[in-house]
Amino acid sequence: MTVSVSTECVDALLPVVGAGLPVPLVTGTAVPYANLDCAASAPALRAVAELVATALPYYASVHRGAGYASQVSTALLENSRACVGRFLGAREEDVVVFTRNTTDALNLLAHCVPAGGSVLYLDIEHHANLLPWQRRGDVVLEAAPTLRETLTDLEAALAATPTALVAVTGASNVTGQVLPIAELAEITHRHGARIAVDAAQLAPHRRVSLRESGVDYLALSGHKLYAPYGAGVLVGRRDWLDEAPAYLAGGGAVREVGLAGTDWAPAPARHEGGTPNVLGAATLARACEELATVGGAALSAHEEALRQRLLAGLATLPEVKVLRIWAQEDERAEGAEREDCIGVVSFTVTGYHAGWLAAYLSAEHGIGVRDGRFCAHPLLARLGLGADGAVRASFGVGSSSADVDRLVQALRTLLTEGAQTDYELVEGRYAPVGDTRPIPDFAGPRSTVSSPCQSD
């Protein structure tokens with residue numbers, strides 16, 4: 001099949017902080033930053049940053065403060081809770097619990113699974129939705145060669161073993177492939193289980209509704225939803241949350257405390273011990289409001305155009321291999337389903353280490369991508385990749401066709417002309433030899449610390 005590159009320009013959907021940021025190159029020049037690492041941490045929406053500036057003078061303690069600023073902060077927190085619930089289609093009986101991030105939210109949910117209840121999860125998960133269940137000794141199901149076979153295997157596993165909860169990703173953080181969460185919810189409920197969806201990647205790219213999908217629990221992170229201020233959320237059915245012990249024992253989670261025992265508050269307060277992250281919750285809600293103004297169809301069309309443009313460009317480079325969990329069906333075949341993918345594309349380039357490629361793209365072209373195993377080690381292993389991992393490009397509402405074109409051209413330049421400078425390993429990460437690119441004074445000295453997770 002011949003792949004043609006679209007010439008239609010795709011502009012950003014919403015303004016983000018850092019758009020047009022000049023970054024230095026090893027050549028001594030500077031270019032606007034091409035941020036293709038949104039799946040790891042998305043930039044703040046401009047509207048989100050403006051809210052922080054507006055709300056910060058009113059920041060104070062919440063719930064028990066009589067002062068005017070405390071009343072404002074309390075209203076901001078609780079209205080933010082309601083806003084996030086509306087954005088995610090929460091049912092009237094659902095609870096919105098603010099957490100630090102998706103990892104925190106899923107660990108909270110693992111803490112709330114009824115005693116003796118088994119959890120079933122897939123081997124394709126991000127570590128945030130794998131390690132909490134692995135630590136409990138729950139059941140992992142290996143994804144089949146096709147998505148349809150995977151759903152069939154899931155149903156068979158649920159029929160064979162009583163299960164309390166199925167925990168799945170909404171969209172792969174490695175390949176961008178989207179799972180049919182409404183169908184998964186239907187299968188799960190048919191066998192008496194509940195379903196939790198790691199929506200960290202899905203929610204920034206698709207409208208997700210608990211009510212419409214039938215999903216029981218959703219977890220997501222603000223830093224992937226254009227609100228990088230340290231808040232995440234777990235939204236879902238109240239009963240498990242009310243019956244579980246407090247997740248973080250401390251002030252705010254109680255009704256009454258005595259030396260002989262404690263009367264714990266119901267959710268959400270039960271699991272929000274300590275002073276809440278008011279600004280984090282508020283910015284998460286503001287991001288939800290902004291994304292709602294764009295609409296799910298526009299979000300999907302924007303990133304699909306960018307994704308297809310990138311895939312078409314990569315297809316012109318024989319050395320590049322794009323990663324997939326499930327092979328794409330021929331959509332022209334009878335009964336074939338149209339594949340749904342978010343704006344995430346991971347790939348390898350023959351003859352080049354992923355970390356070296358990421359350093360080259362940054363140092364010589366001002367492009368930010370992710371490299372490594374993306375906190376999905378089992379998935380990378382099943383895709384035949386070891387510790388070297390792959391390169392991941394990911395888009396957001398601030399991305400444009402110019403960003404995609406620069407990435408494709410940078411790879412083409414490497415493959416035809418080579419690199420302009422030499423690179424070396426420094427504390428486990430590749431960097432230009434004698435890197436002289438300045439780091440702003442506010443950041444302090446250049447860090448060489450490398451995470452063993454090569455994380456997302």
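**View 1. Strand β8 is enclosed in this predicted model.** Five of the five residues of β8 are buried, so the strand is largely enclosed by the rest of the structure. Burial applies to both of its faces. R194, A196 and D198 sit on one side. I195 and V197 sit on the other. In a regular strand, side chains alternate between the two faces of the sheet. β8 pairs with β7 in the parallel sense, over five bridges. Within this pairing, V168 stands opposite V197 of β8.

**View 2. β8 belongs to an open sheet of seven strands.** The strand order is β4-β10-β9-β8-β7-β5-β6. Pairing in this sheet is mixed. The edge strands are β4 (94-99) and β6 (139-141), and each of them pairs on one side only. On average, neighbouring strands are turned by 20° against each other, with direction ignored. Strands of a sheet pair through backbone hydrogen bonds, either parallel or antiparallel.

**View 3. Strands β9 and β10 run antiparallel, with helices packed on the sheet.** Five bridges join β9 (residues 217-221) to β10 (residues 232-237). S221 stands opposite G232 of β10. Helix α3 (residues 102-112) lies across β4, β7 (165-169), β8 (194-198), β9 and β10. The helix α3 runs at about 150° to β9. Helix α5 (residues 147-160) also packs on the sheet. Its contacts are with β5 (119-122), β6 and β7. The direction of α5 makes about 165° with that of β5.

**View 4. V84 and V233 have the most contacts inside the largest nonpolar core.** This core has 69 residues. Helix α9 (residues 278-294) gives the most to this core, with seven residues. Which residues does V233 touch, not counting those up to four places away in sequence? The list is V84, L88, V96, V97, F98, T99, A105, L218, A219, L220 and L284. A second, separate core has 31 residues. Among them are A354, A363, I367 and L407.

**View 5. C83 and C288 are buried cysteines without a disulfide.** How far from C83 is the nearest cysteine sulfur? That sulfur belongs to C288 and is 5.7 Å away. For C288, in turn, the nearest cysteine sulfur is that of C83. A disulfide requires the two sulfur atoms to be within 2.5 Å, so neither cysteine is in one. The count for the structure comes to zero disulfides. C83 has a relative accessible area of 7%, so it counts as buried. C288 is buried too, with a relative accessible area of 3%.

**View 6. Y352, W356, Y360 and Y423 form a cluster linked by ring pairs.** A search of the whole structure finds four aromatic pairs. In one of them, the ring centres of Y352 and W356 are 5.3 Å apart. Their planes stand at 35°, so this pair is tilted. Y352 counts as partly exposed, at 29% relative accessibility. W356 counts as buried, at 17% relative accessibility. The rings of W356 and Y423 have their centres 5.1 Å apart. Here the planes stand at 65°, so the pair is edge-to-face. Both W356 and Y423 are buried. W356 lies in helix α11 (residues 354-365), whereas Y423 lies in strand β18 (residues 423-426). The pair therefore ties together parts that are 67 residues apart in sequence.

**View 7. Four strands form an open antiparallel sheet with helix α10 across it.** The strand order is β13-β14-β17-β16. β13 (320-322) and β16 (370-372) stand at the edges. Each has a single partner strand, so one side of each is left without a neighbour in the sheet. Neighbouring strands are turned by 30° against each other on average, direction ignored. Four bridges join β14 (residues 344-349) to β17 (residues 390-394). In this antiparallel pair, V345 stands opposite A393 of β17. Helix α10 (residues 296-315) lies across β13, β14 and β17. The helix α10 runs at about 10° to β14.

Key: Residues are numbered from 1 along each chain as its sequence is written. This is a predicted model: local features need pLDDT of at least 70, side-chain atom pairs count only at pLDDT 80 or more; totals for chains, interfaces and linings use all residues. Side-chain values use heavy atoms; hydrogens and water are left out. Two strands pair if DSSP finds at least two bridges between them. Helices (H or I, at least four residues) and strands (E, at least two) are DSSP runs, numbered from the N terminus. Axes are lines fitted to C-alpha atoms, for helices over the stretch in contact, and angles run from 0 to 180 degrees between N-to-C directions. Contact means heavy atoms within 4.5 Å. A nonpolar core is a set of buried Ala, Val, Leu, Ile, Met, Phe, Trp, Tyr and Cys residues joined through side-chain atoms within 4.5 Å. Buried means under 20% relative accessible area, exposed over 50%, partly exposed in between (1.4 Å probe, protein chains only). Rings of Phe, Tyr and Trp (its six-membered ring) pair if their centres lie within 6.5 Å; planes under 30 degrees apart count as stacked, over 60 as edge-to-face and the rest as tilted.
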